[in-house]
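Open the model in your viewer and keep the selection tool at hand. The tour goes stop by stop.

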Amino acid sequence: MIRFTSCLVLSLAVATIVSTESRGAESLTYSVDLTGSGDIADSIRASSLLVTLNDAGTLAPFALVERARRDGDRIKTVLESYGYYSGAVRIAIAGKDLSDPALIDALAKAPEGQTVAVAIAIDRGPLYRLGRIDLVGPVPTRDRDALHLSTGDPAIAAVVLGAQADLLTTLQEDGYAFARVDPPVAIADDARRVLDLSFDADAGPRATLGTLSFKGLTDVNVDFVRDALTVHSGDLYRPSAIETARQTLAGLGVFSGVSVRSTDAAKPSGTVDLVFDVQERPMHTVAFSASYSTDLGVSGSASWSHRNLFGNAEQLNLSAAVTDIGGTAASGIGYDISAQFIKPRFLGAGQALEANLAAVKQDLDAYSQTAETLGVFLRRKFSDQWSGSAGLTYAHDEVEQENTSRLYRLIALPATASYDGVGLANPLADPTQGYRATLNVTPTAALGATSRFFVILQASGSAYFDLSGGGGSVVALRALAASIQGASNLDVPPDQRLYAGGSGTVRGFRYQSIGPRFADKNPVGATSIDAGTVEFRQRIDEDWGAVVFVDAGQASDTSTPFNGALNIGAGAGVRYYTPIGAIRASIAIPLTQHDNRDSFEIYVGLGQAF
C-alpha cells in the first residue's frame with residue numbers, strides 16, 4: 001500500500017542540498033552519463049546529487065560511492081512520482097556496480113585528480129495508470145467531480161495530490177469552511193499495472209459569515225473601512241471572496257498590511273466570524289526627486305502628502321518643482337506647483353473624485369508660458385486592467401511665441417480610457433511582460449481675441465516581452481499617435497499644439513525640436529505626431545543593467561499622423577536598480593539629417609523611460 005504525501009511533489013523541485021558526507025582526502029572528480037530517463041530527464045537531473053553537486057569540488061572515494069547510493073533512492077522516488085512504480089536504477093562508477101566490494105579500493109588506487117566515469121542507467125518500466133477511484137465520506141454530489149481524475153489516466157503523483165487540493169478548494173468555495181480531505185491512499189497492482197486510489201473526505205457543516213471585526217484601526221474611520229468591504233455578514237463562506245475583500249482594503253492606500261483570520265470552528269448557528277488585522281501607514285510622506293537632460297537641464301521637485309485627511313482615506317498631495325535649469329531647449333528657469341485632493345469611493349466603490357490646482361511657468365524654444373489650471377475629475381476602475389476618467393478643466397494661459405503674447409482661457413473636457421495588463425503589484429517595479437494602452441480625447445474651447453474649438457486625440461501604448469523568463473532580458477516597445485481636429489496649428493494655442501523630440505518621443509533630438517519651424521528655426525508646433533521605440537533591457541546583476549534603443553517619430557501641420565519627415569535617434573544607457581526604482585542614465589544621438597541644435601542628448605532620471 002502506498003500513501004501519497006507532499007514529499008513526492010518536493011522531489012520534483014531543485015533542492016538546496018547541504019552535504020553531510022564524511023570528508024576524507026578529496027581527490028576525485030567525476031563525470032555523469034544519464035541514460036534511459038526519456039522525457040523526465042530534467043526532473044531526474046534536478047533530484048540527483050551526482051548531477052547537482054558535480055561542480056562542488058573533489059571528494060574522497062567513499063564519499064562518491066555514498067552520494068551515488070543516495071541517488072538510487074532519490075531517482076526511484078522521481079520515477080514513482082511520474083507513475084513508473086516498477087522502474088529500476090543502476091549506478092556504476094568506473095565500470096563497477098555499487099554493490100561491488102572492490103569498488104572503493106579501486107577508486108582509492110586511481111591516480112590523483114583523475115576524472116571517474118559515473119553511469120546512471122534507468123529502466124523506467126511500464127507506466128502505471130489509475131484504476132479504481134473511491135471517494136469515501138460525506139461530500140455533496142455537486143462537489144465530487146472536483147477531483148478531475150479518471151480511470152486510465154497516468155498515475156502521476158503531482159496530479160493525484162493536485163486533485164486532493166482541488167476537492168478541498170471546491171468544498172471551501174461551496175461554503176464548507178472546515179472541510180477535510182486526507183491525502184489519498186494508493187494501492188499498486190503490479191499485475192494490472194494500475195494504482196487504485198481512495199480519498200477520505202468530510203465536508204462538515206456549511207457556514208456563512210458572522211461578525212466582521214477590525215483590529216489595528218486608529219486614524220481611519222471604522223465605518224469607512226466597513227463600507228469598503230466586499231463581503232458581509234450572512235454571505236456564504238468563500239475563501240476567494242474573503243481574499244478579494246482583503247485585497248480591496250489593502251488597495252485603499254492607508255494600510256501597509258492587511259491580513260484576515262477566522263475562528264477555528266463554526267458557531268452553533270453555522271456562522272464563522274472574521275477578524276481583519278490592519279496596519280495603518282504613516283499619515284504623512286515627503287518625497288524628493290531630480291532629473292537632468294541636456295535639452296531641459298536640471299529639474300528638482302519636492303512633494304508632501306497626507307494619506308488620510310478626514311479619516312476616510314482622502315489624499316492631499318502638494319508638490320513644487322523647479323525646472324529647466326541650464327537646458328539647451330530652455331532659456332529661463334521655470335516652476336510647476338500643484339495641489340491635488342482625492343476622495344476615494346466617491347458615490348460608489350472603485351470610483352474617486354479628484355480636484356487639481358496647478359501653476360506652471362516655462363520658457364522654451366517653442367514658446368514661453370505662464371498658466372494657472374483648475375481641474376475636477378471623476379476616475380473609475382472598471383476591472384483589474386481597465387480604468388477611465390472624465391473631467392472638466394479651466395486654464396488661464398498666457399503664452400508668448402515669436403515675440404507675440406496672447407492670453408487664452410481654455411475650457412476642456414478630457415476623457416481617458418486605460419488598459420494595464422503588465423500585472424505589477426508594485427508600481428515601482430519594472431514591467432517585464434504584458435501590455436499597456438491609453439486613449440485620450442480632449443474637446444477644448446480656447447477663448448480669447450478669437451475663439452476656437454478643437455479636439456485633441458491621442459493614443460499611446462507599450463508592450464513588454466520577457467525573453468529570459470525571469471525578467472533578465474526584456475524587449476520593450478512604445479508607440480504614440482496624436483492628432484488635433486478642428487483647427488490648424490496656428491489657430492491652436494502654442495502650448496496645446498503637438499511636439500516631438502525629447503525623452504518622451506524621440507531621444508537624441510532636442511525637446512520639441514521635431515516638426516514645423518519658423519524662419520528662425522524655432523518650433524511652431526504640429527497638429528499631428530507619431531513616434532515609436534524599440535528598447536532592449538538587460539539585467540547584468542542584481543543591481544545593474546544596460547539598455548540600447550532606437551526611437552523614430554514625425555510631426556506635421558496636417559491633422560493626420562504619419563506625415564512629415566521621419567526622424568530617427570538611437571542610444572544606450574545604464575540602469576542602477578534601487579528599492580524606489582531604477583536610476584537611469586542614457587545618451588542618444590540623431591541618426592537622420594535634421595536641423596538639430598545638439599549633436600547628442602543625455603538623460604538622467606528615476607525609473608525606466610516607459
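How do the residues of the lining of the second largest pocket divide into nonpolar, polar and charged? They divide into nine nonpolar, four polar and six charged. Here Ala, Val, Leu, Ile, Met, Phe, Trp, Tyr, Cys and Pro count as nonpolar, Asp, Glu, Lys and Arg as charged, and the others, Gly among them, as polar.

Before you select anything, note that this is a predicted model: local features need pLDDT of at least 70, side-chain atom pairs count only at pLDDT 80 or more, and totals for chains, interfaces and linings use all residues. Residues are numbered from 1 along each chain as its sequence is written, and side-chain values use heavy atoms, with hydrogens and water left out.

**Stop 1: the pocket**

Select Arg406, Tyr408, Leu490, Pro494 and Arg497. Of the 19 lining residues, these lie nearest the centre of the second largest pocket. Two elements, β19 and β20, give two or more residues to this lining. Strand β20 supplies the largest share, four residues. The pocket holds about 330 Å³ of space.

A pocket is an open set of points on a 1 Å grid over the protein atoms alone, with protein on both sides within 12 Å along at least five of seven lines; lining residues have an atom within 4 Å of a point. A volume is the space filled by probe spheres set on the points, which are joined across faces, edges and corners. Strands (E, at least two residues) and helices (H or I, at least four) are DSSP runs, numbered from the N terminus.

**Stop 2: β19 and β20**

Stay with these strands. Select Thr393 in β19, residues 386–401. Is Thr393 buried or exposed? Thr393 counts as buried because its relative accessibility is 16%, and the cut-off for buried is under 20% (exposed is over 50%, partly exposed in between, with a 1.4 Å probe and protein chains only). Its contacts (heavy atoms within 4.5 Å) include Leu374, Phe377, Leu410 and Pro414, leaving aside residues up to four places away in sequence.

Now pick Leu407 in β20, residues 404–412. Leu407 is partly exposed, at 36% relative accessible area. With the same sequence neighbours left out, Leu407 touches His396, Asp397, Glu398, Leu447 and Gly448. Measure from Leu407 to Ala446, C-alpha to C-alpha: the two are 9.7 Å apart in space and 39 residues apart in sequence.

**Stop 3: the cavities**

A cavity is a set of grid points where a 1.4 Å probe fits but cannot get out. The whole structure has three of 30 Å³ or more. Go to the largest, with about 60 Å³ of space. Ten residues line it, and Asp365, Arg510, Ser513, Arg517 and Arg597 are the closest to its centre. Its lining has two nonpolar, two polar and six charged residues.

The second largest cavity has about 50 Å³. Select its lining, including Asp219, Glu280, Arg281 and Arg307. That lining divides into four nonpolar, one polar and four charged.

**Stop 4: the β8–β9 hairpin**

Colour β8 (residues 185–189) and β9 (residues 194–202). The strands run antiparallel, joined by five bridges; strands pair if DSSP finds at least two bridges between them. Asp189 has Val194 as its bridge partner in β9. Four residues lie between the strands, and Arg193 takes a positive phi near 55° in this hairpin.

**Stop 5: helix α4**

Finish on α4, residues 61–81. Its 21 residues reach 31 Å from first C-alpha to last, close to the expected 30 Å (1.5 Å times one less than the number of residues). Its buried residues include Leu64, Arg67, Asp71 and Ile75. Just after α4, find Gly83, with a positive phi of about 100°.
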